[in-house]
Amino acid sequence: MGFLSSKNKSILAGPLSKNNPVIIQMLGICSALAVTSKLEPSIVMAASVTIVVAFANVIISLLRNTIPNRIRIIVQLVVVAALVTIVSEVLKAFAYDVNKQLSVFVGLIITNCILMGRLEAFALGNGPWASFLDGIGNGLGYGIILIIIGFFRELFGSGTLLGYQVIPKICYDLGYVNNGLMILPPMALIVVSIIIWVHRSRNKELQEK
Amino acid sequence: MEELLSTLVRSIFVDNMIFAYYLGMCSYLAVSKNVNTALGLGIAVTFILTCTLPINYLLENYVLKEGALGWLGTQFESVNLSFLSLLIFIAIIASFTQLVEMVVERFAPALYSSLGIFLPLIAVNCAILGGSLFMQQKAFANVGVATVYGFGSGIGWLLAIVGMAAVREKLAYSNIPKPLRGLGITFIITGLMGIGFMCFSGLKI
């Protein structure tokens, strides 16, 4: 068994599209919507979640035969909370401004459904290496959606990307106006539903009856 | 009194957990297919928020915050345990959920079986931990305000999920473009409801 056999490859690549955590499994939606009004916090959030999911998956997978079934949720929460505390302290030390923008949502990675969902569904039944790949795959699948939403909301809402002006000034002189609605919370939901619409019309087998 | 009332109204309408912060979206999307189940889950969430917020408030102010251990003696005044707050909050919430689950199972078996798997999953509902984290961020004046904030946030969440369940029950009879069925249209309706709730944002009490 190689490190990247075809089964492991599908574990890694599946969550990117056909089994995406946000738009197919409906996991981790809270934070996907709340932090995406700008591109930069979206990228930081995506990276933090990927790291936490991957390592929580590995730790739970290593412990999976020793955890009593009745208290497994609390054990999982403690492992995740410890990892999130580390990520949150690192962000406070090296990226203070972004940490301020993310506010409570760094702490809320603990209750991000992706974590519990993947730990319950995958890490409790698979070995550490496969769990690590599953964590990375799901983190990236979550990250892709976050970055797409963040890209469009920042581009149309403020005319900037990562803080740099992208839409040239001449457009504003000709009467172009930033769409302030894109910055507001409800538009995130509508952007997600457009992504779902496009994704499901390209993959007919995913449509609901 | 005035502060309690304004906190209550603000937490229900202006800072609504779902429409302003998207907290508790996962169970909101999964359970909002039927009005009765949605109501049951909403009541359970409100109850747990109302109970855990004052406990976490007291812990935050008498144990975790910088200088909060001052009541033990002057040598503890410089202790800052705030890095532990995430762990402590989630432990309180998880154990409280377990407690509520056992109480409901013992005294109201009918409600227990209708809520099923969602009762234990309240522990990982972002709205509950979010309530505690917002309480930490907003630094409320006293434990009464914190309790009212918890209660109001719960009621706001309940309103949103029951409203959504009522809309979705009717949606079953409408002709929606195929790729939007299910998840897609639910997002759009939540967005529209959110835009509706935004009209409260200028509210001053």
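A polar contact, for my purposes here, is a pair of N or O atoms within 3.5 Å; within protein, one must be able to donate a hydrogen and the other to accept it, and residues adjacent in sequence count only if both atoms are side-chain atoms.

**Ground rules.** I am working on a predicted model, where local features need pLDDT of at least 70, side-chain atom pairs count only at pLDDT 80 or more, and totals for chains, interfaces and linings use all residues. Residues are numbered from 1 along each chain as its sequence is written, chains are lettered from A and ligands numbered from 1 in the order in which they are written, and side-chain values use heavy atoms, with hydrogens and water left out.

**Entry: chain B on its own.** I got nine helices and zero strands for chain B, taking helices (H or I, at least four residues) and strands (E, at least two) as DSSP runs numbered from the N terminus. The C-alpha trace spans about 70 × 45 × 30 Å along its principal axes.

**Entry: the A/B interface.** I looked for polar contacts between chain B and chain A and found zero residue pairs (both at pLDDT 80 or more). Salt bridges (a side-chain nitrogen of Lys or Arg within 4 Å of a carboxyl oxygen of Asp or Glu) also came to zero across this interface. On the side of chain B that touches chain A, I sorted the residues into 27 nonpolar, 10 polar and two charged; nonpolar means Ala, Val, Leu, Ile, Met, Phe, Trp, Tyr, Cys and Pro, charged means Asp, Glu, Lys and Arg, and the others, Gly among them, are polar.

Next I checked the extent. With contact meaning heavy atoms within 4.5 Å, 39 residues from chain B and 39 residues from chain A take part. The two chains bury about 3,600 Å² between them, 81% of it on carbon and sulfur atoms; this is the accessible area (1.4 Å probe) that two parts lose on being put together, summed over both. B:Tyr22, B:Pro179 and B:Phe187 supply 20% of what chain B buries against chain A, more than any other three residues.

**Entry: H3 against H4 in chain B.** Helix H3 (residues 35–64) and H4 of chain B pack at an angle of about 145°, their axes 10 Å apart. For this, axes are lines fitted to C-alpha atoms, for helices over the stretch in contact, and angles run from 0 to 180 degrees between N-to-C directions. I noted B:Phe47 and B:Ile48 of H3(B) among the contact residues, with B:Phe89 and B:Phe96 among those of H4(B). That contact divides into 12 nonpolar, four polar and one charged.

**Entry: salt bridges elsewhere.** I counted three over all chains. One joins A:Glu89 to A:Lys92, with the closest N and O atoms 3.9 Å apart. Both residues lie in helix H4 (residues 72–94) of chain A, three residues apart, about one turn of the helix.
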